[in-house]
Amino acid sequence: MATFTVVPSDSPLPEAERKALMAEPGFGRVFTDHMATAVWTPEAGWSDHRIGKLQNFSLHPSAAVLHYAQEIFEGLKVYRHADGSLWLFRPEANAARFARSAERLALPLLDEETFLTSVTELVRQDEPWVPAYGGEESLYLRPFMFASEGFLGVRPAAEITYCVIACPVAGLFQGGVSGVRLWVSTNYTRAAPGGTGAAKCGGNYASSLAAQLEARDHGCDQVMYVDGVEHEWLEESGTMNMFMVTADHELVTPGLGTILEGITRDSILRLADRHGLTPVERRVSLTELRQRCADGTVTEVFAAGTAAVITPIIGFNGDGFEVKVADGEPGKTTMALREHLLDIQHGRAQDPFGWMRRVL
Ligand SMILES: *Cc1c(COP(=O)(O)O)cnc(C)c1O
């Protein structure tokens, strides 16, 4: 197991400034004092594991990641419980997914133990940056790995950098949970069989930006992607997985394959029966969604991911159609599942599956 050498920052932010930033952190704008790093080469494997001051990278302009996007990332949160202790939510699942993404992007494997050590050591070093118990705030961790070798040839890079940065984040729904409207894009797809849809890689996000603009142009908040072959089967929203609640108490979500295997998705499927729902993973057609929203047999729709937890979806727009989900308000089951997951994460509800891992 790798040990991370800790070199504390010589210029941590003064407490008053930190508190001012943490009062309104937003998402992804405020960063802690430290970062975790390690470097890989074919000869030495992983080396130089350290927790040090957050600082800029120095990259040659030919660094492969800048040209060919050989990069993957993860996203997970640390929660402060009422007694002050700090907890991660299912970090082993992030480590496992990071390994699967690495394989798909021809990046080196970083073992689970090293992944867990890097995030826990960083959190210990930046403990004051973990928001207080009581709200929906948390510390968001962003592990990532990229091709830092300077070389313009197309092949897996021979120098890779691993890094973890952290930022305190607000709950995304400060003024109460409100629903979003999705644009069903038939111009753009995010994934195809054999592609990188199931890997958490930056390239998937680069190609999603044009679709996001298209959604905005149609007055929608985010995109709902359909499959790349028939343009008929629902996939996901590009940062979140999608769920439907039906009148006969099923919780339906598109099956795995080209979608990203969300940890929130998996957690919600496992909590379903505690809410009187039967979890179902299967193909869902756009035709089915439109019909069942119209005839009322789909009663709620929501999206799920680490950043926003659960976001109610109140309607869909697409080329030549518009559907409303139920009465256009966030659904009861949606809100109950959201509350349940948040309560487990913040230590207010029993953790029946042993999902929480103590850090400090
Ligand atoms: C990260 C991500 C999700 C959500 O995954 P979680 O593990 O629940 O955070 C969904 N879709 C895409 C494309 C993602 O990158």
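A polar contact here is a pair of N or O atoms within 3.5 Å. By that yardstick, this predicted model holds its ligand through a backbone contact at I263, where an N or O atom lies 2.8 Å from a ligand oxygen. Side chains join in too. An N or O atom in the side chain of R97 is 2.8 Å from an oxygen atom of the ligand, and for the side chain of T306 the corresponding distance to a ligand oxygen is 2.6 Å. Taken alone, the ligand would expose 380 Å², and the protein buries 96% of that.

As for the surroundings, the ligand sits in the largest pocket. It has 15 residues around it, and the closest are K200, Y205, E236, T264 and T306. T306 thus turns up both in that closest set and as a side-chain partner of a ligand oxygen. Sorted by character, the shell comes to 7 polar, 4 charged and 4 nonpolar residues.

Then there are the cysteines. A disulfide is a covalent bond between the sulfur atoms of two cysteines. To be counted as one, the two sulfur atoms have to be within 2.5 Å, and the tally for this model is 0 disulfides. Why is the sulfur of C163 without a bond to C167? The C167 sulfur is the closest cysteine sulfur to that of C163, but it is 12 Å away, so the gap is too far for a bond. Looking from the other side, C167 likewise has C163 as the closest cysteine sulfur, at 12 Å. Both residues are tucked away from the surface: C163 is buried, with a relative accessible area of 1%, and C167 is also buried, at 5%.

How values were computed: Residues numbered from 1 in each chain as written. Predicted model: local features only at pLDDT ≥ 70, side-chain atom pairs only at ≥ 80, totals over all residues. Heavy atoms only, no water. Near = heavy atom within 4 Å. Polar contact = N/O pair within 3.5 Å; in protein donor to acceptor, adjacent residues only side chain to side chain. Areas by Shrake-Rupley, 256 points an atom, 1.4 Å probe, with all protein chains shown as cover. 1 Å grid on protein atoms, 1.4 Å probe; cavity = no way out; pocket = protein on both sides within 12 Å on 5 of 7 lines; lining within 4 Å. Sits in = over half its atoms within 2 Å of the grid points. Nonpolar A, V, L, I, M, F, W, Y, C, P; charged D, E, K, R; others polar. Buried < 20%, exposed > 50% of the residue type's maximum accessible area, 1.4 Å probe, protein only.
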